[in-house]
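Thanks, everyone. Let me put the model up, and then we can walk through it.

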Amino acid sequence: MLNSLSVLSSQSPVVAPQGAGDMTIPLILVLALPAAGAAILLLGGRRTDRFGHLVGTAAALGSFVCALVLFFNLLGQPADSRAIQVDLWTWFSAGRWQVELGLLYDQLSALFLLLITGVGSLIHVYSIGYMAHDDRRRRFFAYLNLFVAAMLMLVLASDFVGLFLGWEGVGLASYLLIGFWQHKPTAAAAQKKAFVINRVGDIGLSLGISLILATFGTTSFAQVSELAHEANTGVLTAIGLLLLLAACGKSAQFPLQTWLLDAMEGPTPVSALIHAATMVTAGVYLIVRSNFIFDLAPDARSAVVAVGTITLLMGAAIGCAKDDIKKVLAGSTMSQIGYMIMASGLGTVGYAFAIFHLLTHGFFKANMFLGAGSVMHGTNDDVDMRHYGALRKAMPVTFLTFAMGYLAIIGFPGFSGFWSKDKIIEAALGENLLVGICAIIGAAVTGFYMTRLMLMTFFTKPRWEEDVHPHESPKVMTVPLIVLAALSVLGGLLLINDWIVKFLAPVVGEVHEHHPPIPAVAVSVIAVLVVAVGVALAWFLVGKKDVPREAPEDVSPFVTLARNEFFADAFNDEVIAQPGLKMIKGLHAFDDGVVDGAVMGGASAVGGLAEVSRKLQNGFVRSYALSLVGGAVLVLLALLVVNL
Amino acid sequence: MTTPFIALSAILFSIGAIGVLIRRNAIVVFMCVELMLNATNLSLITFARTNGNLEGQVAAFFVMVVAAAEVVVGLAIIMTIFRTRRSASVDDASLLKY
Amino acid sequence: MSLPWLTILFLLPLLGGLVVAILPNRQDGSAETAKRAALLVSLLTLVLAIVIAVRFQADGGYQFTEETMWIRLFGAHYALGVDGLGLSLVVLTAILTPVVILAGWNDGANGRFGERAFFAWLLILEALSLGVFMATDVFLFYVFFEATLIPVYFLVSGFGGPDRVKAALKFLIYSLAGGLIMLAGVVALYWQSAKITGTPTYLLSDLANIDFGTSVGRWMFVAFFIAFAIKAPMFPVHTWLPDTTEQATPGTSVMLVSVLDKIGTFGMIRFCLELFPEASRWATPVVVVLAIISILYGALMAIGSKDIMRLIAYTSVSHFGFIVMGIFVMNSQGLSGANLYMFNHGLSTAALFLVAGYLISRRGSALIASFGGVEKVAPILAGLFLVAGLSSLSLPGLAPFVSEMLVIAGSFVWSPWAAAFAIPAIVLAAIYILWMYQRVMTGEPGEGVIGMPDLNIREIAAVAPLFLLIVVLGFFPKPLQDVLNPSVDHTMSEVHLQDPPAKVGGEEVK
């Protein structure tokens, strides 16, 4: 066994491709730093309690520095040779299959690297303040580092199985962090729910990988993309649909969306990092990364667009009806990811914009979640917006930074969200009028619910609980807010000269010039106008009136529907969970009664027979004699019969 | 010409067998067993005479020896049971059962 | 001639066990001396097993072979040898025994036979299990196969829960019934080999070359398969397992599920597949359907279990379903995955059983309902429990993932439907592990949990090697695969099978 080890080490395990220069080390470090941080903090135990948060933050920052180094090195390379592939070692092999554990750093992963480590570092810094009074802060940072490492693995993997490793790694980190306050039963239930529903999506990824292996004999992105055109469309469509199922699970898309709102049980920085900026966008990444499959499978792409469109409307509707500030933001996240999924389903015209929106959304949504965390920090962890009001004076920095995020998400001209959402709407209109219209409606609803949130939180009259004295958060929390607010404003710069589109073109393909039915400027104007309608509506419905401290009960059926998240949980419970548990109960009865019953029944049958037959041994010698005679007579008769 | 002997033997054997089955007194049961043994002896001797050899007679001697031995052991057992239980009924000696 | 390595490996724990049995107690009545001796013997065995593994050249054939005529009349030999599969299971057994001894340091205290007996029987069980995995003669295999029942019977009936005698009897009769059916197959092998070749033989190397003919081969296949299915255990002959693990000590359960049950799947490859290739191909559809039923049934039963030990037993029914499916989908991916799964399942289930055992011994109850909030008082215990659980649900990055992925992908190649029917198990696995974790570990600590001590150094040290291996093999299973894959190729050629080619790309795909 060890001989094989030595054989292995004689091959050089790390193959540095030409042109990569010395980038192998930063590439490995970017992944290894947070992984090492998590390992030190988890294995070190209570000994690392005092400085754990510093180690965690340093690991994230170090990783960010590496990502920057890599990125600038990448920019220095000619556009066609920017991808770096590092094969670490053969993960496993069987027959002709061989799965390498390798890293692929190209334009797509480069952007993700910056987003994950950049926003990740800011959130680490923020958490130092946010979690200051939690006696398990060290563990929180360990989990955060674990998450960052897994997410980096996800976007750096050079093949589908490696991606699966990161995919489940972020799932695990998300599980641990949602349930960080495990003593709360709701948090414990939410963490399990998130993981289980993600596993439903993993069915798609597992079978998708199986189908890819069976079809191509390899799972490496490079090889599959070369061979994809040789496979028939039916197979590619099947792969596409399976990957879509996976994306639905991770990105909380219909019909696997129910876990995301419950996931808000986790600490707010977690919601910002995992359930807004990075992990939930992994589904978008998966689809964009698998563009070589989706490009050849138009039916699968239609399904992607349908899922995205349904979810963007659903999420927006939920955002309108919730009173819990984090749940409004979560509904909004669903909706915005719906936009991205929809855009990525549009094919080559949409991939780059999906990623663009993903980045800007990462900025402004992280900003707003952290802002919400700051608000909660100042109001004794109250999340009910009906208990807020007029907080702008009490927490000016939070208010101003939140406002930047707000303007970005509703698509106020000039802010980052305006550019990215506008491009998606434009592309959608170009492909399919109905989808485009849905996207525009979604924009209007976004304007409504975000304005409602702003008004209920920072404006209107104060409705604070009695012992609440809102105050601004410490610097360690507000500085990340300011940085993110700046990014929310300036994120649109990425679109200058179509930079991001051209930058991503080697990975996702060239955009062919296409002509929308209405000119781009008109689309922008329409979008801004409908958003204005949404904002105005919110002003008349919420801003002008007094907000009641209790949520009104007599509401229209639509509001009830949205408040209950379209009864998806009730549906799952009634249709899957309850019958499932009944069936399991039945199975247990079946196992005890029939399966084990057959065995134990056989045993008791033998025992029962013995019980009956031993009664013959009654102790009366004359009855023994009688049976002797009877036996003799029988033998005699038998002999007679045989002789005849 | 041997038929009457065989018939007598069969009748004696049946009387013995029925006696064993229906009588309760151990001594009587015992005598019935002896009756069956002697019925068998009668047939053995009859067949020996019919076939003109001595084997049947030899076998009859064996049966007598065994019967004698049996009387020695059997009567002793019956005596012991009667002494301990004040009864010679075989139905009373039914302890050895399931 | 070189040393008889395998005989030494077999005799070391056997004689060690006998010595442990007769070592006197200390003056204060404790069996500390015997326990230390047992640990020492098991560690020496591990060292020897590692030496053998290092000297092993992975080429697909048997190595360290020893062969002596034993009973000429039957053609039975004392023949030992290991190939990659056998070696991996030998190493697994050698790793798990010291772990079990250290983890179960106090488990023998309240037994029926005295503390020394527990450790002596464990060592004897190790020896006999090693014998099973090393035998290359069917008759010898059968003798070892049945002989393992003796130590297990005494381990289960002597140490554990209140209903242990009943459980031990059920286990014994179940296994004996399977063994009896197999005996018919063993006798038939004697009869057929004598009929076809003139001289009876039980040597695997001879038997593999005999074509038994369709109907005889199928009958013999069925005889062997039923015995192995009971051992494995597969639906519908699994019911002895939950009853036994519920009553046995965690250490016994580990030896039972992680080592002995592997004999079932090991035997399916070694005997069913390699001796009766035609019959195996004939039986594949039925076996795969049974395997899928086992996978789903075990998982569903695990979800509904109220007792932690029973729950883990049912998860094993599910995992064994995966292993059997991998074996019978007749391609090298499935088979390679199954081989790997046997090792990985041994590690992850052992970790789960032992950590659950720590938990249960602290509370004095194995009912899930009697826990809650343990994480708050014993975070290390909770953490290890979670990692063991995650490994049981095949989280990527932990060892079982690679094997499960290979089995699923391999069965997908055989039939997409097989994979599609089996795949819900990954969701069910998440439910049974995480729901258990939720009920046991989260929430506020209740009565009986408050004040529960966290793991001590001995307990952590006992299971640490398992967790280390689970993580290392999750990322770097290559050393294990290098040993296993040649024997997979060997099995494939014995069964006259070739992998279907990839649909596109053909041979140039690496």
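**A strand residue, then the chains**

Start in chain C. C:Phe64 sits in strand β1 of chain C, residues 63–71. Its phi is positive, about 55°, although C:Phe64 is not a glycine. Is C:Phe64 buried or exposed? C:Phe64 has 20 other C-beta atoms within 10 Å, so it counts as buried.

One caution before going on. This is a predicted model. The predictor gives the complex an ipTM of 0.91 and a pTM of 0.88. For chain C, the mean pLDDT is 90, and 98% of the residues reach 70 or more. The exception I want to flag is residues 506–510 of chain C, where the pLDDT is below 50. That stretch has seven contacts in the model beyond near neighbours in sequence. Where pLDDT is low, predicted coordinates should not be read in detail.

Now chain C as a whole. Its secondary structure comes to 21 helices and two strands. How compact is chain C for a protein of that length? The radius of gyration is 22 Å, and the globule rule gives 24 Å for 510 residues. Those values are close, so chain C is as compact as a globular protein of that length. Along the principal axes, its C-alpha atoms fill a box of roughly 70 × 60 × 40 Å. Of the 510 residues, 64% count as buried. Look at the contacts between residues at least 6 apart in sequence: 81% of them join residues at least 24 apart.

Next, one helix of chain C. Helix α11 of chain C covers residues 250–275. Its 26 residues, at 1.5 Å a residue, should span 38 Å. The end C-alpha atoms are 35 Å apart, which agrees. Where is the kink in α11(C) centred? The kink is centred on C:Gly267, and the bend is about 35°. As for burial, α11(C) is mostly covered, with 25 of its 26 residues buried.

Staying in chain C, look at the loop between α9 (214–231) and α10 (240–247). C:Pro233 is in that loop, and C:Pro236 is there as well. Both are reached through cis peptide bonds. From C:Ala232 to C:Pro233, the bond is cis with omega near -15°. From C:Phe235 to C:Pro236, the bond is cis with omega about 0°.

**How the chains meet**

Two pairs of chains touch, and the pair with the most contacts is A and C. There, 57 residues of chain A are in contact with 59 residues of chain C. Which elements of chain A give two or more residues to that side? They are α1 (2–10), β1 (84–94), β2 (97–105), α6 (160–178), α7 (185–216), α8 (221–227) and α25 (568–613). The largest share, 19 residues, comes from α7(A). By class, this side of chain A has 31 nonpolar, 17 polar and nine charged residues.

Now A with B. Here 11 residues of chain A are in contact with 10 residues of chain B. The residues on the chain A side divide into five nonpolar, three polar and three charged.

And B with C? No contact joins chain B and chain C. Their closest C-alpha atoms lie 24 Å apart.

**Three stops in chain A**

First stop, helix α12 of chain A, residues 282–289. This helix is mostly covered: eight of its eight residues are buried. Among them are A:Tyr285 and A:Arg289.

Second stop, A:Asn380. This residue lies in the loop between α16 (348–378) and α17 (391–394) of chain A. Its phi is near 55°, a positive value in a residue other than glycine. A:Asn380 has 13 C-beta neighbours inside 10 Å, so it counts as partly exposed.

Last stop, A:Leu616. It lies in the loop between α25 and α26 (621–643) of chain A. Why does A:Leu616 count as exposed? Because it has 11 C-beta neighbours inside 10 Å, and the cut-off for exposed is 12 or fewer. A:Leu616 and A:Ser627 are 11 residues apart in sequence. In space, C-alpha to C-alpha, they are 10.0 Å apart.

That's my tour. Over to you.

How values were computed:
Residues numbered from 1 in each chain as written. Chains lettered and ligands numbered in written order. Predicted model: local features only at pLDDT ≥ 70, side-chain atom pairs only at ≥ 80, totals over all residues. Nonpolar A, V, L, I, M, F, W, Y, C, P; charged D, E, K, R; others polar. Helix = DSSP H or I, 4+ residues; strand = E, 2+ residues; numbered from the N terminus. Rg over C-alpha atoms; globule rule 2.2 N^0.38 Å. Expected span 1.5 Å × (residues − 1). Bend = angle between axes of the 7 residues up to and from the residue. pLDDT = per-residue confidence, 0-100.
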